[in-house]
Amino acid sequence: MPITKVVKSGYKSPEEMKNLIAYIVSEERHTINGLTGGNMVLANSAMSVYQQMMDVKQYFKKCCGRYMQHIVVSFAEYEMKYLGIEAVYKIARQICDFFKWNQTVFAIHRETGRLHIHIGVNTVSFLDGSKLRFTLWDLKQYVNRVVGTYVPAVVLNFGIQEVRTVDSMEKLLE
């Protein structure tokens, strides 16, 4: 199963928000072939994304508290046998749909040697100005369902390299 992590520290100032967005979309440092995107933002530059998110915060007068939520989703080697860059990009877009009423920005990174997705979420809804609320449990379940459409369930559940026949599955369960 993919590892879904919510970074708990920081992002309680505009400067920290700007730095996180710059880290996520920084092509020269981390992203693969500029594979970035987002929900309700034009992800053409870090400064542009930052300004769009700040505009929502200022419109609803919610410029305090946590400015952004940072999510990281990483994949194991056995999952990567089933996932190409295009699939990971689609997964990232679908994860952003979990935060459908909040602006998001994402990029695919590989600086640790393992493919992973960084997602930044504006904590203020563009729809009604409400603050972001979700549980880690719900997010993990959603991510697992999304990834499960690309990686066979037996691989996700057991973390095995490959299951080729029903016989090998029966041996695994003995």
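In this predicted model, the axes of helix α4 (residues 85-98) and helix α5 (residues 136-148) come within 10 Å and cross at roughly 145 degrees. The crossing of α4 past α5 is right-handed. On the α4 side, the contact is made by Ile91, Gln94, Ile95, Asp97 and Phe98; α5 contributes Asp138, Leu139, Tyr142, Val143, Val146 and Val147. By class, the residues of this contact between α4 and α5 comprise eight nonpolar, one polar and two charged.

A second helix pair is formed by α1 (residues 14-25) and α2 (residues 46-59), whose axes come within 9 Å and cross at roughly 140 degrees. Angles over 145 degrees would count as roughly antiparallel and those from 65 to 115 as roughly perpendicular, so α1 is oblique to α2. The crossing in which α1 passes α2 is right-handed. From α1, the residues in contact are Pro14, Met17, Lys18, Ile21, Ala22 and Val25. From α2, they are Ala46, Met47, Val49, Tyr50, Met53, Met54 and Lys57. Eleven residues of the contact of α1 with α2 are nonpolar, none is polar and two are charged.

The axis values of the two pairs are set out below.

| Helix pair | Axes come within | Crossing angle |
|---|---|---|
| α4 (residues 85-98) and α5 (residues 136-148) | 10 Å | roughly 145 degrees |
| α1 (residues 14-25) and α2 (residues 46-59) | 9 Å | roughly 140 degrees |

Turning to pockets, the largest one has a volume of about 240 Å³. Its lining includes Val6, Val7 and Lys8, together with Arg66, Gln69 and Thr123. The run Lys131, Leu132, Arg133, Phe134, Thr135 and Leu136 also lines the largest pocket. Sorted by class, the lining has five nonpolar, three polar and four charged residues. One of the lining residues, Leu136, belongs to helix α5, which spans residues 136-148.

Note on methods
Residues numbered from 1 in each chain as written. Predicted model: local features only at pLDDT ≥ 70, side-chain atom pairs only at ≥ 80, totals over all residues. Heavy atoms only, no water. 1 Å grid on protein atoms, 1.4 Å probe; cavity = no way out; pocket = protein on both sides within 12 Å on 5 of 7 lines; lining within 4 Å. Points joined across faces, edges and corners; volume = space filled by probe spheres on them. Nonpolar A, V, L, I, M, F, W, Y, C, P; charged D, E, K, R; others polar. Axes fitted to C-alpha atoms, helices over the stretch in contact; angles between N-to-C directions. Helix = DSSP H or I, 4+ residues; strand = E, 2+ residues; numbered from the N terminus. Parallel < 35°, antiparallel > 145°, perpendicular 65-115°, else oblique. Left-handed = near helix turned anticlockwise from the far one by under 90°. Contact = heavy atoms within 4.5 Å.
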